[in-house]
Every structure is written in structure tokens, then in C-alpha cells.
Amino acid sequence: NANIALIMSMAKKESSFYEGAAGRDNEAGLLQLSSGVAQQSGLSVSQKPLRRSSLLSKLLYTDRDAKEDERFDPEKNLRVGITYLFELARNFQKTYNLNESDSFQFGLIAYNLGPANVRKLFDIGYSKNPNEFIDRLAREKLESFGISDRKREVTVDYHIRTNRFMRDYEQRIAYMRRNGSPSLREHIGSFLGSFGEIYQRLKS
């Protein structure tokens, strides 16, 4: 399913599937939820900056964070992150009359760049085609809209890498299922099963 592949690619890019990842701007968990999105969805969020320890350049949570911040609960993180992505996609689909595929692509861009910023860019005539949108985003300076070069570049890089992940996602899973050890195949099956279950529950 393309949507599951998209969300899987987000988890890969945001946290490398590590539930304890903590971002530099205080995002947390598998889908790197911001504190605002998490709190709006009823999750408890640590009121203190996350403590970070460096391991292979990843920012990880501490035991204190895990107790105080529900964003580090994998199922809750996925539930809120997927719900938020669906909300963004539906809003873009309705507002700009996009098809389902494009609406999820723009949902992804808005998840990373911020929905208000994406709407501003639409309003000044940015294309409703995701690839053209990303091309323009990569080329143009957007300081007047409060979008820093770093955030713009990160968003473009994120989108390109995510699309690449989506393209070979099914082939990777199929290869691991064929060639991995029994324990690896079991782990993959269990992970995809629980992920798909959450996805279907939210979709219905």
C-alpha cells in the first residue's frame, strides 16, 4: 500500500525506526512529533528540554524522558503522527482539489515544512504538482515567508530521500523476507503487521 510505504518512509527518515530518537528542536519518537501536535492529541509531553546523549550521531532519550513524555511510546507516536498526516492530506485535498496521491505528498511536505508555510507558497502561485513544488522550493529563497534556507534545504532533501525510499520499499521488504534469518523475517512480519493494523484502524 502506497500510504503505508509513505508512513514507513517517514519513520525511516525521521528516526531510523528508533522509538527513542529525540530531535534538535525537541521533536520526539518514531515520527518525531512536535510537542504542540502531541499535546493537541492528548499526549503528555515533558515540560523540560529533552536530555540528549550522542550515539552514532543520533539523539536519544533518557529514562526520565521515557517516563514523562508519551511521544516515546511507539504506538501512541504512530497513532498521533499518522492521524496528523491524514489531517494534513485531507485538508490539502479539500482546499486545493488535489488527488489522493498528491494530497499525501503535500501532507508530507507540510509535516516537515509546516502547513502554514505550504499554504503561503500555494497562495503566491506555487504549482500544485508535488515535484514542481519541490523543484521551486529547492531553487528559490523564502526568507520573506519566515522559511530559513536550512529548513527549506532539509525539506527538499527529506522529500527526495523519502520518495527514493518509497520506490524501493517493497523490494527491500521482499528481499529481507526471502533472504533474512527466520528471526528477522518474524520481526519484519510482526512490525509490518502492527503498523498495518494501526493504519487500517485509523483509516476506517
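Select Glu 70 and Lys 76 to start: their side chains meet in a salt bridge, with N to O at 2.5 Å. The model on screen is predicted. Colour the pair by accessibility and Glu 70 comes out partly exposed, with a relative accessible area of 23%. Lys 76 is also partly exposed, at 27% relative accessibility. This is one of six salt bridges in the count.

Next, go to helix H8, residues 149-179, and select Asp 157 and Arg 161. Their side chains form a salt bridge, 2.8 Å from N to O. Why are the two separated by about one helical turn? Because Arg 161 and Asp 157 are four residues apart in helix H8. Arg 161 is partly exposed at 42% relative accessibility, and Asp 157 is partly exposed with a relative accessible area of 31%. Elsewhere, salt bridges with shared partners join Lys 141, Asp 149 and Arg 152 into one network.

Stay with that network and select Lys 141 and Asp 149. The closest N and O atoms of this salt bridge are 3.2 Å apart. Is Lys 141 buried or exposed? Lys 141 is exposed, with a relative accessible area of 56%, while Asp 149 is partly exposed, with a relative accessible area of 24%.

Now leave the salt bridges and turn to the rings. The count of aromatic pairs comes to 10. Select Phe 106 and Phe 133 as an example: their ring centres are 5.1 Å apart and their planes stand at 85°, so the pair is edge-to-face. An angle over 60 degrees is the cut-off for that label. The pair links distant parts of the chain, since Phe 106 belongs to helix H5 (residues 100-113) and Phe 133 to helix H7 (residues 130-139), 27 residues apart. Both Phe 106 and Phe 133 are buried.

Widen the selection by adding Phe 92, Tyr 96, Phe 122 and Tyr 126. Together with Phe 106 and Phe 133, these residues form one aromatic cluster.

Keep the cluster displayed and add two arginines. Which ring does the charged end of Arg 119 sit over? The ring is that of Phe 92, with the charged end 5.6 Å from the ring centre. For the second, select Arg 136: its charged end sits over the ring of Tyr 126, 4.1 Å from the centre. Both of these rings, Phe 92 and Tyr 126, belong to the aromatic cluster.

Methods:
Residues are numbered from 1 along each chain as its sequence is written. This is a predicted model: local features need pLDDT of at least 70, side-chain atom pairs count only at pLDDT 80 or more; totals for chains, interfaces and linings use all residues. Side-chain values use heavy atoms; hydrogens and water are left out. Rings of Phe, Tyr and Trp (its six-membered ring) pair if their centres lie within 6.5 Å; planes under 30 degrees apart count as stacked, over 60 as edge-to-face and the rest as tilted. Buried means under 20% relative accessible area, exposed over 50%, partly exposed in between (1.4 Å probe, protein chains only). A charge sits over a ring if NZ of Lys or CZ of Arg is within 6 Å of the ring centre and within 35 degrees of the ring normal. A salt bridge is a side-chain nitrogen of Lys or Arg within 4 Å of a carboxyl oxygen of Asp or Glu.
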